[in-house]
Number of protein chains: 2
Amino acid sequence: MMQVLIVGSGLLGTSLGLALRQAGHEVWLADRLSEHVELARKLGAGQPVAASAEPQVVIVAVPPSQFRKVVDEYGRRYVNATFTDVSSIKTQPLADVESIQGVHGRFVGGHPMAGRETSGPAGARADLFVDRLWILTPTEEVPEARLEEVRGLAEDCGSVVRIMTPEAHDRAVALTSHTPQVVASVMAGLIARAPVDDIQLSGQGLRDLTRIAGSSPELWDDILTANADEVDVVLAAFEAQLSAVRSALRAGASVREMLHVGNAGRARIPAKHGGPARTEDAVLSVSVDDRPGALARLFAAAADANISIEDVRIDHMLGRENAVVDLSVRAEVAPVLRELLIAGGWKVRS
Amino acid sequence: MMQVLIVGSGLLGTSLGLALRQAGHEVWLADRLSEHVELARKLGAGQPVAASAEPQVVIVAVPPSQFRKVVDEYGRRYVNATFTDVSSIKTQPLADVESIQGVHGRFVGGHPMAGRETSGPAGARADLFVDRLWILTPTEEVPEARLEEVRGLAEDCGSVVRIMTPEAHDRAVALTSHTPQVVASVMAGLIARAPVDDIQLSGQGLRDLTRIAGSSPELWDDILTANADEVDVVLAAFEAQLSAVRSALRAGASVREMLHVGNAGRARIPAKHGGPARTEDAVLSVSVDDRPGALARLFAAAADANISIEDVRIDHMLGRENAVVDLSVRAEVAPVLRELLIAGGWKVRS
């Protein structure tokens with residue numbers, strides 16, 4: 001069991017407090033907003049840091065813009081403690097740490113991949129990190145024992161730890177998370193400026209494509225500007241491909257190859273966070289009444305056959321009270337479920 | 001009741017046959033592949049066209065590349081019939097018709113917005129068009145009576161008809177459907193070329209963004225090249241915005257405004273096909289065992305409270321047999337459902 005100080009009682013800091021206390025650690029809390037510390041304490045995330053506290057690990061869970069100041073202050077106060085952070089960028093915090101005397105060899109960068117779209121201590125949950133990837137980006141100067149302390153805390157929160165370099169981390173999330181955010185926001189931005197009559201023809205494809213365009217501008221501005229170099233590399237590649245598509249379209253040429261490569265890329269995306277590449281599920285489309293109960297009965301029918309639903313999509317219909325529900329299941333059980341649903345009176349469309 | 005000839009016994013043509021026969025019409029079928037006509041006939045979609053047939057309406061349901069030839073041939077054979085089509089582009093078929101003697105004043109372009117990701121007669125369903133938008137694009141030369149014939153057939157299939165000009169249609173779908181396809185495919189194309197270690201950090205955002213990148217390259221090559229001018233206009237606007245983002249990132253400037261405009265655009269997208277702009281639903285995240293039955297019990301709990309689930313997203317967890325299920329419900333009932341689920345022992349995360 002360790003003494004841990006968490007600086008920053010927002011969503012992540014408070015969730016960490018809850019999870020680490022549940023695992024039996026002694027947790028101290030600090031935040032420049034005393035009401036955040038007080039709420040976090042009431043929720044059971046730990047105690048306001050006492051003068052007598054001697055934390056073994058300090059977890060910095062503040063916005064990127066406050067990171068350097070916090071590490072500087074607490075690094076001088078706790079000269080033997082191991083430091084880690086939880087931000088979704090990893091080279092910039094390391095650069096901050098390297099510019100501060102005496103913390104560099106004690107800092108293990110971290111990124112628990114457990115974002116929420118809420119913020120603040122009120123949304124905190126002890127199970128936020130369960131089964132999530134938690135990337136650690138230690139430098140060579142960090143002793144093995146300090147890495148193991150941070151790894152232990154991450155695993156105590158239920159996460160699966162993966163070690164990467166800060167550069168590899170920032171390059172990977174630029175591709176898989178930061179560029180998709182830009183692409184979704186830019187596409188949604190075109191919708192913001194379009195005539196309302198055009199928007200009425202929107203379908204599920206556009207809705208899925210732009211879902212993350214609803215994310216917090218403040219949070220994402222911090223992330224994108226902090227990882228600007230890596231994001232720009234990916235955006236440059238995106239722009240080059242887009243430009244090639246435009247040239248082909250203007251020349252009356254085929255864009256089939258681009259679409260085939262898109263198929264291939266789609267097939268490589270893991271179905272589960274950090275899991276192996278997805279195997280293609282089969283999709284059954286079922287017409288249901290769009291009323292409470294219809295979905296429950298549909299899922300009960302699948303459960304009766306002991307068939308796991310891998311994914312669900314609900315496509316609401318115009319005007320009437322019904323919907324098409326796309327059920328993704330493992331390809332090998334799809335024919336079984338199809339027969340069973342038809343026998344049960346369900347309207348299966350495919 | 002009308003005599004209708006459907007040329008093309010693929011997915012759309014065969015589904016139309018099923019729907020129109022269900023509505024009581026007499027349906028004739030033709031296809032250059034006699035085995036397609038035979039399968040469509042067996043499914044109950046109509047009879048192979050007889051020499052004695054005198055169709056009042058001819059529905060052309062062939063790929064864009066065959067459209068002109070088919071209209072030319074059948075336009076001369078049935079000199080009084082009204083002609084319509086079902087393709088997802090509308091100016092090119094009209095130009096084809098205008099280049100043919102004697103069909104122009106009898107042609108009402110149509111686009112039932114009811115795509116599937118399968119093709120061929122075997123996937124046909126009589127209810128494919130129910131509650132879908134069906135766009136009609138008549139020119140001024142078309143007598144009202146012919147428009148009403150086509151409108152009647154669309155409504156008999158269960159669709160909601162909207163009248164637009166061919167140009168307005170092609171401009172709208174370039175924005176809401178064709179450009180999103182290019183954007184998703186280009187993004188997925190970057191994934192196709194990326195190191196596997198980077199892809200492992202993929203999350204739900206990337207999965208949603210690239211879902212339509214799995215669509216048929218052959219079909220989409222036809223659509224994109226046929227609507228190339230309108231698509232290029234939207235892609236140019238996309239590229240200009242993307243370029244502005246890159247300039248800001250390289251200059252170390254904020255991209256917050258772009259993200260805010262994305263928020264606004266996202267909020268304008270209708271929740272239901274052709275419906276009014278969406279009101280923001282509230283999302284409840286619930287931890288469930290990833291086993292058959294858990295989802296059924298969860299939906300049953302919502303149904304017991306008479307609460308309609310507007311949308312579902314399942315986020316599978318790494319390594320363990322559980323998942324986080326995001327339930328979208330109307331904002332006003334979210335607190336009720338939350339209390340009820342917690343009381344029922346569910347782990348509600350937000």
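Which residues does Met187(B) touch, not counting residues up to four places away in sequence? Keep that one in mind; the legend on the core has the answer. The views below all come from a predicted model.

**View 1. Chain A as a whole, with its three assigned domains.** Start with the overall layout. Chain A is divided into domain 1, covering 3-164, domain 2, covering 169-268, and domain 3, covering 282-348. Measure between C-alpha centres and domain 1 of chain A sits 43 Å from domain 3 of chain A. Along the principal axes, the C-alpha atoms of this chain fill a box of roughly 70 × 55 × 40 Å. In secondary structure, chain A has 13 helices and 12 strands. Of its 350 residues, 60% are buried. Take the contacts in chain A with a separation of 6 or more, and 68% of them come from residues 24 or more positions apart.

**View 2. Two copies around an axis.** Chain A lands on chain B after a rotation of 180° with 0.0 Å of shift along the axis, and the RMSD is 0.1 Å. The two copies are thus related as by a two-fold rotation axis. Look for Leu209(A) here: in chain A, its C-alpha is the nearest to the axis, at 2.0 Å. As for the interface residues of chain A, 100% are also interface residues in chain B, so the copies meet through the same surface.

**View 3. The nonpolar core around Met187(B).** Back to the opening question. Not counting residues up to four places away in sequence, Met187(B) touches Leu175(A), Thr179(A), Pro180(A), Val183(A) and Phe238(A) in chain A, plus Leu206(B), Leu209(B) and Thr210(B) in chain B. The largest nonpolar core has 68 residues, and the ones touching the most other members are Met187(A), Phe238(A), Met187(B) and Phe238(B). Apart from this core lies another, of 50 residues; among them are Ala282(A), Leu337(A), Val288(B) and Leu298(B).

**View 4. Arg246(B) and its contacts in chain A.** Find helix 10 of chain B, residues 228-250, and you will find Arg246(B) in it. Is this arginine, Arg246(B), buried or exposed? With a relative accessibility of 14%, Arg246(B) counts as buried, given that the cut-off for buried is under 20%. Again leaving out residues up to four places away in sequence, Arg246(B) touches Asp232(A), Leu235(A), Ala236(A) and Glu239(A).

**View 5. The open sheet of chain B.** Eight strands make up this open sheet, in the order 3-2-1-4-5-6-7-8 and with mixed pairing. Strand 3 (47-48) and strand 8 (160-163) of chain B stand at the edges with a single partner strand each, so one side of each is left without a neighbour in the sheet. Further in, strand 1 (residues 3-7) and strand 2 (residues 26-30) of chain B run parallel, joined by five bridges. To follow the register, Ile6(B) stands opposite Leu29(B), and Val7(B) stands opposite Ala30(B). Four of the five residues of strand 2 of chain B are buried, so this strand is largely enclosed by the rest of the structure.

**View 6. Two helices on that sheet.** Helix 1 of chain B, residues 11-22, packs on the sheet that has strand 1 paired with strand 2. Helix 1 of chain B touches strand 1, strand 2, strand 4 (57-60) and strand 7 (133-138) of chain B, and its direction makes about 165° with that of strand 1 of chain B. Helix 2 of chain B, residues 34-43, lies across strand 2 and strand 3 of chain B, and runs at about 155° to strand 2 of chain B.

**View 7. Asp131 in both chains.** What is phi of Asp131(A)? Phi of Asp131(A) is near 65°, a positive value in a residue other than glycine. Asp131(A) belongs to the loop between strand 6 (107-112) and strand 7 (133-138) of chain A, and is buried at a relative accessible area of 2%. Over in chain B, Asp131(B) has a positive phi of about 65° although it is not a glycine. Asp131(B) lies in the loop between strand 6 (107-112) and strand 7 of chain B, and counts as buried at 2% relative accessibility.

**View 8. The loop with Ala305(A).** Ala305(A) lies in the loop between helix 12 (294-304) and strand 10 (311-316) of chain A. Its relative accessible area is 26%, and Ala305(A) is partly exposed. From C-alpha to C-alpha, Ala305(A) and Val70(A) are 55 Å apart in space, and they are 235 residues apart in sequence.

Note on methods
Residues numbered from 1 in each chain as written. Chains lettered and ligands numbered in written order. Predicted model: local features only at pLDDT ≥ 70, side-chain atom pairs only at ≥ 80, totals over all residues. Heavy atoms only, no water. Pairing = 2+ DSSP bridges. Contact = heavy atoms within 4.5 Å. Axes fitted to C-alpha atoms, helices over the stretch in contact; angles between N-to-C directions. Domains from an automatic or database assignment. Core = buried A, V, L, I, M, F, W, Y, C linked by side-chain atoms within 4.5 Å. Buried < 20%, exposed > 50% of the residue type's maximum accessible area, 1.4 Å probe, protein only. Least-squares fit on C-alpha atoms with pLDDT ≥ 70 in both.
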